[in-house]
Structure formats: structure tokens, C-alpha cells
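Dear colleague,

I am passing on the structure below, and I would be glad if you could look through it alongside the notes that follow.

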Amino acid sequence: MAKKVILASGSPRRKELLEQVGVEFEQRVSGKEERYTATEPKEIVKELALMKAENVASDIEAEKGLLIDTVVIGADTIVVLDGQILGKPRNEEHAFEMLQNLQGRSHEVYTGVAFLSYNKEGKKEVISHAVETKVHVHEMSEKEIREYVATKDPMDKAGGYGIQDGGLVKRISGSYTNVVGLPL
């Protein structure tokens, strides 16, 4: 019997990746505030991914009971520049500052994925991993950065950019789908 798949993320990019590989799934968003105790980027994203999966699983269990035939996928992505985590921009000026700091340089993107399910005896099983990818960003003029920020595209993306937003990324060393938010 095939397991039901639930994506514990509101990310349209993660949704699109699962659709591209032909996975049938339901999408649910974790409402829990993202807090972590880990200190290393790979451990942070693994912790956040599992937290999202557990939160969504808990919500569904409260509605329907134990999820025996279900896999919940949690994922989280962070951008790291010079050891500093860059979250989503607070406003357009913050997005501009992030992009100005990234342009012409390399940084790391980390994505953690957690697969949460229950076996037939009701015991929780978790498989999780994290992937690191190095991203190299083109040199951009102040005008180019401001024009990109004006599109509002950077506002929901860690680091203030999306790899699929043409022309920003010079090259990647590693997994493209990791940078998009779900290493497949």
C-alpha cells in the first residue's frame, strides 16, 4: 500500500519540485514559530525541518488520529554568508543590503529535510539529512539590485534571492534543487 505524502511547507518552490517528480501529496503549513538550539548550519536546518514535520503531523493526528500510512516531509533552507545566517528580508532596504553583500561573492545554502512516519506498531520513524551547496553570485550594479528588489521577488526568500530569478546566480557547486529548497 502506498503511503500518503504530506509536505509540511507552504513553499511554492518545494511544491513545484515534488510535482515535477510526480509525487502526489497534500500541502500543509506548520504554524509553529521557528526556533532552534543547534549551532551548525547543517544541524540547524535538520532541526527546523523535523520541527515542521512534527508540528504538521501533530496537527493532523489531533484531527484524524495516528498517521500509520502517511509520510510527512519537513524542509528548511538557510543562506549563510561569512558564517552569518541570512533570513528573509524584513523590508526592501534589507533585501537591497543582503543582495549588495552577496553580489560578486560566494556563499553557502543549506537545506534540511526530515521524513516522518509511523510504522504499523505506531512507533515514530524519522529519516533526516542536510545538503550544502556553494552559490556564486554575479556582480550587480546598485541599479540592477534596486530593480530586482522592486519586483518584490526577493521578499519571501532566504538571502533575498531565488536561484530561479534569472541572471543573479553565476554558478552553483552542488545541488540545484537544494538551493531551490528541497534536495531530491
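The side chains of Lys-4 and Glu-26 are joined by a polar contact of 2.9 Å, in what is, as should be said at once, a predicted model. Lys-4 belongs to strand E1, which covers residues 4–8, and beyond its neighbours within four places in sequence this lysine is in contact not just with Glu-26 but also with Lys-64, Asp-69, Thr-70 and Val-71. Is Lys-4 buried, or is it partly exposed? Its relative accessible area is 37%, and because buried would require under 20% and exposed over 50%, Lys-4 counts as partly exposed.

From there I turned to Phe-96, whose C-alpha atom is separated from that of Lys-4 by 41 Å, the two residues being 92 apart along the chain. Phe-96 is one of the buried residues of helix H3 (residues 92–102), together with His-94, Ala-95, Met-98, Leu-99 and Leu-102. Over the face of Phe-96 lies Arg-146, at 3.7 Å from the ring centre, whereas a search of the whole structure for aromatic pairs finds 0 of them. The buried residues of H3 pack against four strands and a helix, namely E3 (70–81), E4 (84–86), E5 (106–118), E6 (124–137) and H4 (142–150).

The two ends of H3 also deserve a note. At its start, a side-chain oxygen of Asn-91 comes to within 3.1 Å of the backbone nitrogen of Glu-93, while just after the helix Gly-104 adopts a positive phi of about 75°.

As for empty space, the search gives 1 cavity of 30 Å³ or more, and the largest cavity has a volume of about 30 Å³. Leu-99 and Leu-102, both among the buried residues of H3, help to line this cavity, along with Gln-103, Val-137, Met-140, Tyr-161 and Leu-168.

The largest pocket, for its part, has a volume of about 680 Å³. Its lining consists of 33 residues, and those nearest its centre are Arg-14, Thr-77, Lys-88, Asp-156 and Ala-158. Two or more lining residues come from each of helix H1 (12–20), helix H2 (41–64), E3, E4 and helix H5 (176–180). Which element gives the largest share of this lining? That is E3, with 4 residues; E3 is also one of the strands against which the buried residues of H3 pack.

With best wishes

Definitions and conventions
Residues are numbered from 1 along each chain as its sequence is written. This is a predicted model: local features need pLDDT of at least 70, side-chain atom pairs count only at pLDDT 80 or more; totals for chains, interfaces and linings use all residues. Side-chain values use heavy atoms; hydrogens and water are left out. Rings of Phe, Tyr and Trp (its six-membered ring) pair if their centres lie within 6.5 Å; planes under 30 degrees apart count as stacked, over 60 as edge-to-face and the rest as tilted. A charge sits over a ring if NZ of Lys or CZ of Arg is within 6 Å of the ring centre and within 35 degrees of the ring normal. Buried means under 20% relative accessible area, exposed over 50%, partly exposed in between (1.4 Å probe, protein chains only). Contact means heavy atoms within 4.5 Å. A polar contact is a pair of N or O atoms within 3.5 Å; within protein, one must be able to donate a hydrogen and the other to accept it, and residues adjacent in sequence count only if both atoms are side-chain atoms. On a 1 Å grid over the protein atoms alone, a cavity is a set of points where a 1.4 Å probe fits but cannot get out, and a pocket is an open set with protein on both sides within 12 Å along at least five of seven lines; lining residues have an atom within 4 Å of a point. Grid points are joined across faces, edges and corners, and a volume is the space filled by probe spheres set on the points.
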